[in-house]
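Got the viewer open? Load the model below and keep the selection tool handy.

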Amino acid sequence: MATAAVLTPHDVPTTLNYYAPIGDEAPFQYVEQPPEGHPSNNIGTDPQPVLVHDARGHEADFSLDQNGFQYVKWPSVESEFDDDERIKEKYYPEVEEILRKVAGAKRVFIFDHTIRRKPSQEPVGKPSDFRGPVERVHIDQTYQASLNRVTYHLPEDAERLLKSRVRIINVWRPIHHPVAHKPLAVSDWRYLDAQDLVPVRFIYPHREGSTYSVRYNPNHRWYYLSEQTPEEVTLIKCFDSEEDRARLTPHSAFLDTTAPKDAPHRESIEVRALVFDTE
């Protein structure tokens, strides 16, 4: 099993892709095929230089409620992550346990997971179900879209559940080997301004959600965990109905030009869950 050696902190100067508008229409993204003659999105990029600070050796300094993210050492019973049914049967209960013990959840509803691998890692001629790392600063849901997910996934209990605290937390874990290329950067909630958030319509064939893109702000403070191993998870808060603490966390993959060229490409799994303080 991969383990992290004692490492010297390795801050990384890099470039992150922030939001830039295209045209005058409100930002949108079609999840599948757009209507004929219509672009799939109107989200431009604004590349900006940033310094991503290494949290290695200071993992305990960060928490979901203070910063919007947290690092947890939690070896997994699953190692291959190559079968969706096995992931749901073996790994989902493990994610629930993490969220109960670390985030204090009373009820957890996992609504999806995503495997990220470089598409070229799939055999030639085989359609890829994998998506590469997202190199754009974003948050997976807007505040309203997060609340709407409760009604969408749990309609019978939604009215009751929405009367207490609701969170959406992503549980992100490397697969097979420590991350060298395209590590995950997370932004400290305390340095985020509400004006930085740009709602984007997320258009599915039969429903609509919304995500946040993020405008550049030089005050943002970014972190990652160098050489993050499959035994280490990053908890990413994407929504919190409580307003007196960190409510969300912008995040993005980024380029580390100092990574060894022969290191394997990043593989990771993220599991997204609704987290409730009541049963």
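Here is a short tour with three stops.

A bit of housekeeping: this is a predicted model, in which local features need pLDDT of at least 70, side-chain atom pairs count only at pLDDT 80 or more, and totals for chains, interfaces and linings use all residues. Residues are numbered from 1 along each chain as its sequence is written, and side-chain values use heavy atoms, with hydrogens and water left out.

**The pocket.** Select Arg131, Phe202, Tyr204, Thr211 and Arg272: of the 29 residues lining the largest pocket, these are the closest to its centre. Its volume is about 760 Å³. Now colour β5 (107–117), β6 (138–139), α2 (143–153), β10 (208–214) and β14, each of which supplies at least two lining residues. (Helices are DSSP runs of H or I, at least four residues, and strands are runs of E, at least two, numbered from the N terminus.) The lining divides into eight nonpolar, eleven polar and ten charged residues.

**Histidine 220.** Next, go to the loop between β10 and β11 (222–224), where histidine 220 lies. Is histidine 220 buried or exposed? Histidine 220 is buried, because its relative accessible area is 10% and buried means under 20% (1.4 Å probe, protein chains only). Show its neighbours: leaving out residues up to four places away in sequence, histidine 220 touches Tyr18, Ser187, Tyr191, Leu192, Asp196, Val214 and Arg215, with contact meaning heavy atoms within 4.5 Å.

**Proline 260.** Last, select proline 260, in the loop between β13 (251–253) and β14 (267–276). Proline 260 has 45% relative accessibility, so it counts as partly exposed, the class between 20% and 50%.

Conventions. On a 1 Å grid over the protein atoms alone, a cavity is a set of points where a 1.4 Å probe fits but cannot get out, and a pocket is an open set with protein on both sides within 12 Å along at least five of seven lines; lining residues have an atom within 4 Å of a point. Grid points are joined across faces, edges and corners, and a volume is the space filled by probe spheres set on the points. Ala, Val, Leu, Ile, Met, Phe, Trp, Tyr, Cys and Pro count as nonpolar, Asp, Glu, Lys and Arg as charged, and the others, Gly among them, as polar.
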